[in-house]
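Open the model in your viewer and keep the sequence panel beside it. The stops below say what to select next and what is there.

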Amino acid sequence: MESLLSLAFDNLSSFDGSKIKKGLRQVEGLLAQICLAGQGSPKKQGENQQQPPRRMLADLSPDPAFREFFKLQEGFEWNVAQRLLTTLDWLVVRGGDGSYDMLIVNALDLIQGVLLLHPPSRVLFQRSVHMNLLLDLLEPINSPAIQCATIITLVVALLDMPQNIRVFEALDGLLTVTSLFKSRETGREVKFRLTEFLYFYLTPETPNIPKPDRTSVIAGPELIPGSPGKSKLLASGGRQRSKSESGNTLSVDAKKQHLDRYLPGVVDELLKDLDTYKPFGGILS
């Protein structure tokens, strides 16, 4: 797997857009292989094709390829999320004319996938440089496709990570999101995604503290025998979180007060919708 990642990383590090595109496809292919492992060989054209059943992270943990991938993600050398963020930053800086828009969307989609497959990589967004990168992509100058992909990526980056939410708030993330939400220039699809984000923001926060009885890979590297108790991403990339920080959660009421400053009179309606319609299936409420 190191050789596959090395080839992809070499292309992602290129200054040639076509090579970056190839690198993104290589990462996508690797992630697809991991997610579809054990699904059997694809059926030939003309055969009765059915959508493969949805698999949970816990379903992937026995797979050797996934276990190897998960272990490799614990350090910066082979961490895919870090490489994709570096590539994304390069594309944003040089893509002001829109020539790299599709590559930016592809990179954002892959970041979402990597963060879901390796939740400890979300710790990267405790660094303001990475959080600011996402917030910059929400500026009105960017295309609706980039804005929608960024909103989804932001949700995945904040999921089960209260400390990341605090970084988002400290960088005026709520101002960025609500300004885009209120703008008359914002299109319908982007406003729909923003509404979903606001629903997500107003849900109760869960500290990212692994529980012994959880079988999901979200519990972290403890699922993988022989992996360190603390992610090397934390050890080499940023400061370790203390016990008090890992429980740095805000109540829904406190977050409501934050949001009320930017959307007065709207937050109560959002909370009513959350209680009535349970847009996330009730799993976050």
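Select leucine 84, which lies in helix α5, residues 80–94. Helices here are DSSP runs of H or I with at least four residues, strands are runs of E with at least two, and both are numbered from the N terminus. The model is a predicted one: local features need pLDDT of at least 70 and side-chain atom pairs count only at pLDDT 80 or more, while totals for chains, interfaces and linings use all residues. Residues are numbered from 1 along each chain as its sequence is written, and side-chain values use heavy atoms, with hydrogens and water left out.

Is leucine 84 buried or exposed? Its relative accessibility is 0%, so leucine 84 counts as buried. Buried means under 20% relative accessible area, exposed means over 50%, and partly exposed is in between, with a 1.4 Å probe and protein chains only. Now show what surrounds this residue. Setting aside residues up to four places away in sequence, leucine 84 touches Leu12, Leu24, Leu110, Ile111 and Val114; contact means heavy atoms within 4.5 Å. Add valine 27 to the selection: it is 57 residues from leucine 84 along the chain, and the two C-alpha atoms are separated by 9.4 Å.

Next, select asparagine 106, which is found in helix α6, residues 101–117. Its C-alpha is 10.0 Å from that of leucine 84, and the two are 22 residues apart in sequence. Asparagine 106 has 30% relative accessibility and therefore counts as partly exposed. Stay in helix α6 and pick methionine 102. Methionine 102 is exposed, with a relative accessible area of 57%. Measure from here to isoleucine 146: the C-alpha atoms are separated by 8.2 Å, with the two positions 44 residues apart along the chain.

Move on to the loop between α8 (144–158) and α9, and select aspartate 160. Its phi is positive, about 60 degrees, although aspartate 160 is not a glycine. With a relative accessible area of 22%, aspartate 160 is partly exposed.

Now colour helix α9, residues 162–170. How many of the 9 residues of α9 are buried? The count is 8, so α9 is largely enclosed by the rest of the structure. The buried ones are Pro162, Gln163, Asn164, Ile165, Arg166, Val167, Phe168 and Glu169.

Two of these deserve a stop. Glutamate 169 counts as buried at 17% relative accessibility. Apart from residues up to four places away in sequence, glutamate 169 touches Tyr201, Leu250, Lys255 and His258. Phenylalanine 168, leaving aside its neighbours within four places in sequence, is in contact with Met131, Leu135, Leu154, Leu158, Gly173, Leu174, Val177 and Phe197.

Select Phe168 and Phe197 together: of the 72 residues in the largest nonpolar core, these two touch the most other members. A nonpolar core is a set of buried Ala, Val, Leu, Ile, Met, Phe, Trp, Tyr and Cys residues joined through side-chain atoms within 4.5 Å. Helix α6 gives the largest share of this core, 10 residues. In soluble globular proteins, nonpolar side chains tend to be buried together.

After α9 comes aspartate 172, in the loop between α9 and α10 (173–182). Aspartate 172 also has a positive phi of about 60 degrees although it is not a glycine. At 40% relative accessibility, aspartate 172 counts as partly exposed.

For the next stop, show helix α11 (residues 188–201) and helix α15 (residues 267–277), whose axes come within 10 Å and cross at roughly 80 degrees. Axes are lines fitted to C-alpha atoms, for helices over the stretch in contact, and angles run from 0 to 180 degrees between N-to-C directions. The two helices, α11 and α15, are therefore roughly perpendicular to each other, a term for angles of 65 to 115 degrees. Where they meet, Thr195, Leu198 and Tyr199 in α11 face Leu270, Asp273 and Leu274 in α15 in contact. The residues of this contact divide into 4 nonpolar, 1 polar and 1 charged; Ala, Val, Leu, Ile, Met, Phe, Trp, Tyr, Cys and Pro count as nonpolar, Asp, Glu, Lys and Arg as charged, and the others, Gly among them, as polar.

Finally, clear the selection and view the whole chain. The protein chain has 15 helices and 0 strands. Of its 285 residues, 44% are buried.

Notes: Angles under 35 degrees count as roughly parallel, over 145 as roughly antiparallel, 65 to 115 as roughly perpendicular and the rest as oblique.
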